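Biologist: Before planning any bench work, I should like to go through this model with you, one question at a time. Could you show it first?

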Amino acid sequence: MPTGIDSHGGQSKRAAASGWIGSALEYYDFFIYATAAALVFPQLFFPSTDPTVAIVASLATYGVGYVARPIGAFVLGHLGDTHGRKNVLLTCMFMMGISTMLVGVLPTYGQVGILAPVLLVVLRLIQGFAVAGEISGSSSMILEHAPFGRRGFFSSFTLQGVQAGQIFAAAVFIPLARMMPRDEFLAWGWRVPFLLSILVVIAGYFIRRNVDETPAFTAEEMKGSIPRAPIPEAFRLGWADILRVVCMALMNVVPVVATVFGGAYAVQAAYGIGFAADVYLWIPVIGNVVAVLVIPIVGNLSDRIGRRPPMIIGALCSGALSFGYLYAISIHSVPLAVAMSVLMWGIVYQGYNATFPSFYPELFQTRVRVTAMAVGQNVGTTITALLPALFAIVAPPGAANIPLTIGALTFGITAIAAVAAFTARETYRLRLDDLGHHGAVPVAKSEYDAMRAQSFDRKRTSVPA
């Protein structure tokens, strides 16, 4: 019986590299939109005599992209479980890259009126649809290629790529926002990061076409066990775990606070904080640089102590730290905001962020893995992505105690995620074939540790493919 040990050369490393690079490129696209929604879209696509209306409308388009994600999860999850992990990842890459590039050539409200925000919303919907299959497809592919005892470590590279994508996004905006006059940046400079997405389409294709389909999916295909309708099958086999994933995915509230609402709060003139756009952009960049270093460490830790402890601790502590992060912005302290970002976003949040790419797919059987994870994760993130506009409504410019109000909402949501993780079964010592089977017995800790050590020995003695 297969155990998930890498018996096919360097495919585990190749799959991890594909997941890392693909996620970085795809989330570069996704987060340049988030950055632009906070910094420039209120002025370009939603002009209003009331600055609060413009900010709420702009942040709402960020959330609109997530509205399409449950639909994308059903469609792309079906594709991943019926036609393979590799095919769904290529599809996601092309849709995301092309739609993002088109945002860079959109006319503004001043040029074509109401048609401008309409087209922006349409392209955002396509972005949301495409990204719905990325994490679930990539995580499933890496997990099914990874050696037993190292699934957490290898799967964490998917999220390390996501953080790197955010670094790339901010790194493109920073020199433009800093070096260009404000009028020129609003006129055309903001378009450059979107147009660079042509590189996503080109690079992504060459990277992902060279990764083999996973042995687990191929085995299901050879047995004739591929479900014709994975969506109802996923709910039949694991509806309770899908619900848990929905609740755990509410942890997306932390990056929403750090990068989207935090950006509007710090930069938009109506809030009166007055951070320069290029100064604020450094805050998530530094946090993400730290996250890139922390993620594989936490992924490896989850292979030693289990998935649930880092998930629960990461959820509760990052939620609590959101108070301090927003407070630092409210008192105009850039050094404290950077320090809180590093602690909340760069370190503590990674307890959750580095672990869920292995934990979520491990809750489900191979035959429905992509669908079940995609549906649960994207429904949860859709709920949280509507929060920036809600935050701007409950804590508009001029409101008192904004850090306390938004911090309390954030902590309450992360507490829900922690409870969901606590009620889930532990998965790290289950064999690949046993994942998703509720009566499966985990490998004894001593045997597991021996098998894990064996995977390290194999790594040292194997010849790279």
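The exchange below concerns a predicted model.

Biologist: Which residues of the largest nonpolar core touch the most other members?
Modeller: That core holds 104 residues. Helix H1, residues 11–39, supplies its largest share, 10 residues. A second, separate core of 14 residues includes Ala15, Ala16, Leu76 and Met141. In the largest core, the residues that touch the most other members are Phe41 and Tyr325.

Biologist: With which residues is phenylalanine 41 in contact, leaving aside its neighbours within four places in sequence?
Modeller: Phenylalanine 41 belongs to the largest nonpolar core. Contact here requires heavy atoms within 4.5 Å. Once the neighbours within four places in sequence are set aside, the partners of phenylalanine 41 are Tyr33, Ala36, Phe46, Ser58, Val103, Leu120, Trp190 and Phe194.

Biologist: Is alanine 116 buried or exposed?
Modeller: Alanine 116 is found in helix H7, residues 115–131. Leaving aside neighbours within four places in sequence, alanine 116 is in contact with Phe45, Pro107, Thr108 and Tyr109. Because its relative accessibility is 0%, alanine 116 counts as buried.

Biologist: What distance separates the C-alpha atoms of alanine 116 and phenylalanine 45?
Modeller: Phe45 is among the contacts of alanine 116. Along the chain, the two residues are 71 residues apart. Their C-alpha atoms are separated by 6.4 Å.

Biologist: Which helix gives the most to the nonpolar patch?
Modeller: The patch covers about 930 Å² of surface, and its residues include Phe94, Ile98, Leu195 and Tyr205. Two elements give two or more residues to the patch: helix H5 (85–103) and helix H12 (198–208). With five residues, the one that gives the most is H12.

Biologist: Is tyrosine 205 buried, partly exposed or exposed?
Modeller: Tyrosine 205 lies in helix H12 and is one of the residues that make the nonpolar patch. Its relative accessibility is 33%, and therefore tyrosine 205 counts as partly exposed.

Biologist: Why are the buried residues of helix H13 on the same side of H13?
Modeller: The buried residues of helix H13, residues 215–223, are Ala216, Phe217 and Glu220. They lie on the same side of H13 because they cover an arc of only 100° around the axis. What covers these buried residues includes helix H4 (69–83), H5 and helix H8 (134–145). The value that accounts for their placement on the same side is thus the arc of only 100°.

Biologist: What phi does glycine 224 take?
Modeller: Glycine 224 comes just after H13. Its phi is positive, at about 75°.

Biologist: Where is histidine 332, a residue other than glycine with a positive phi, found?
Modeller: The phi of histidine 332 is near 65°. Histidine 332 is partly exposed, with a relative accessible area of 44%. Its place is the loop between helix H17 (308–330) and helix H18 (334–348).

Biologist: What is the relative accessible area of asparagine 401?
Modeller: Asparagine 401 is placed in the loop between helix H22 (387–394) and helix H23 (402–423). Its phi is near 55°, a positive value in a residue other than glycine. Asparagine 401 is exposed, because its relative accessible area is 53%.

Biologist: How many residues apart are arginine 151 and glutamate 362?
Modeller: The side chains of arginine 151 and glutamate 362 meet in a salt bridge of 2.8 Å, N to O. This pair links distant parts of the chain, with arginine 151 in helix H9 (residues 151–179) and glutamate 362 in helix H20 (residues 356–362). Arginine 151 is buried at 2% relative accessible area, and glutamate 362 is buried at 0% relative accessibility. Along the chain, the separation is 211 residues.

Biologist: Which helix holds glutamate 233, whose side chain meets that of arginine 367 in a salt bridge?
Modeller: The N to O distance in this salt bridge is 3.1 Å. Arginine 367 lies in the loop between H20 and helix H21 (369–385), 134 residues apart from glutamate 233. Glutamate 233 itself counts as buried, at 16% relative accessibility. The helix that holds glutamate 233 is H14.

Technical notes: Residues are numbered from 1 along each chain as its sequence is written. This is a predicted model: local features need pLDDT of at least 70, side-chain atom pairs count only at pLDDT 80 or more; totals for chains, interfaces and linings use all residues. Side-chain values use heavy atoms; hydrogens and water are left out. Patches are made of residues with over 30% relative accessible area and no salt bridge: like charges are joined within 9 Å, nonpolar side chains (Val, Leu, Ile, Met, Phe, Trp, Tyr) within 5 Å. Accessible areas come from the Shrake-Rupley method with a 1.4 Å probe; for residues, only the protein chains shown count as cover. A salt bridge is a side-chain nitrogen of Lys or Arg within 4 Å of a carboxyl oxygen of Asp or Glu. Helices (H or I, at least four residues) and strands (E, at least two) are DSSP runs, numbered from the N terminus. Buried means under 20% relative accessible area, exposed over 50%, partly exposed in between (1.4 Å probe, protein chains only). A nonpolar core is a set of buried Ala, Val, Leu, Ile, Met, Phe, Trp, Tyr and Cys residues joined through side-chain atoms within 4.5 Å. The arc is that of the directions from the helix axis to the C-beta atoms.
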